[in-house]
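Please open the model in your viewer and keep the selection tool at hand. The tour goes from one selection to the next and says what is there.

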Amino acid sequence: MTVPSIKRGVSLYSFQEELFLGRMTVEDCVSFAASIGARGIEILPEQNIPTFPNVTDHEVGALKEMVARHGCEWTCYDMFLDTKLRAGGLLGDDEQVASIRRDLTLCNRLGIRNMRVLVFVRPDILAQCVPYAEDLDVHMGVEVHAPWHMEHAWILRTVETADRLGTRHLGLLPDMGIFMKHYPPAFRARFEREGARPEVTQFIVDQHEAKIMAEYTIFDVAVTMKGNPAEVRMAETLRHNPFSDPKRIRDYIPYFRHIQAKFYEMTPDDRDPSLAYAEVIPELVAGGWEGYLSSEYEGNRWVQDVEEVDSREQVRRQHRMFERLLAAAGQEG
């Protein structure tokens, strides 16, 4: 029997609907994750810890005890850099470094070794934070989030900075939204409810399927087809949802330790109709990657106008898919 190196986890962001409405607590989320075998928990301190950033040792201890009680562990800390914290200008470089250092410290106190860094944080700022990350043994992973991709010039600057510094504490953190192979049915349905004509939405879906440059599609919809506002908004989503080549992820395995397993919807037979997990997971297994696939459900905003959001069922379906795909690739889920 092989020991799985790719493990299953969940970001608390997946349950944003239920948390916001008071239908679930953070512990409810952890308990549910444990019930489906997802033992890694990704936390957003600004959202999930009411006293952030002034978190006491008692609160840290309670959070660590809580996940342990459910047989889980904290896997990743999602930081946010509030560069517009005050009116009149952005935070200075020293202030940005201080903010990131604060997050690194709390990440370490929680016993977490991976910190998700927002994609806009400059590589030179992160370079100044590397000594702190190394002292605290926290990997700073810059989120590779659509419309960026692994080989985008901005992302490669982080890779080059990590190589230049010879550090293992700065790298990347892929968001699976970069692998949108097919246009999400949930997106299309929402735009049609907002007034988009089916013949126009089909044109947009076909253009995405053919991987036509977004600007051409936007022009055709807005000008040639005289699209209404909902149709133009739908066309504009193509700017932000690229399809990266799944085979290239293996080249960057040395730079990431954690994956945000973005998804917008799962079908009743446990398939993702949009994102190319069936192609990405075999590449990760073949490349020997070890870490957590951390569910990040973001479909709530596309269906909440017509139905009650059920984040738990969506996450449950994704994990059944993970188990199937990992097994097919030669690993246990």
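**Inside the core**

Begin by selecting Ile-100, Met-115 and Met-140, which touch the most other members among the 103 residues of the largest nonpolar core. Next, colour helix H2, residues 26-35, since this helix gives the most to that core, with 6 residues. Keep in mind, as you look, that this is a predicted model.

Now centre the view on Met-140 and show what surrounds this residue: leaving aside neighbours within four places in sequence, its contacts include Ile-100, Leu-104 and Met-115, and also His-169, Leu-170 and Gly-171.

**Aromatic rings**

Turn next to the aromatic rings, for which a search of the whole structure finds 8 pairs. Select Tyr-183 and Phe-187, whose ring centres are 5.7 Å apart and whose planes stand at 90 degrees, so this pair is edge-to-face. Tyr-183 and Phe-187 are both buried.

Then move to Phe-263 and Tyr-297, an aromatic pair that is tilted, with 5.2 Å from centre to centre and 35 degrees between the planes. Because Phe-263 belongs to strand E7 (residues 258-263) and Tyr-297 to strand E8 (residues 291-297), the pair ties together parts that are 34 residues apart in sequence. Phe-263 and Tyr-297 are likewise both buried.

To see a wider group, select Tyr-183 and Phe-187 again and add Phe-191, Tyr-264 and Trp-302, which together form one aromatic cluster.

**A charge over a ring**

For the last stop, select Arg-116 and Phe-80, and turn the view until you can see that Arg-116 lies over the face of the Phe-80 ring, at 4.8 Å from the ring centre.

Technical notes: Residues numbered from 1 in each chain as written. Predicted model: local features only at pLDDT ≥ 70, side-chain atom pairs only at ≥ 80, totals over all residues. Heavy atoms only, no water. Core = buried A, V, L, I, M, F, W, Y, C linked by side-chain atoms within 4.5 Å. Buried < 20%, exposed > 50% of the residue type's maximum accessible area, 1.4 Å probe, protein only. Helix = DSSP H or I, 4+ residues; strand = E, 2+ residues; numbered from the N terminus. Contact = heavy atoms within 4.5 Å. Phe/Tyr/Trp six-rings, centres within 6.5 Å; stacked < 30°, edge-to-face > 60°. Lys NZ or Arg CZ within 6 Å of the ring centre and 35° of its normal.
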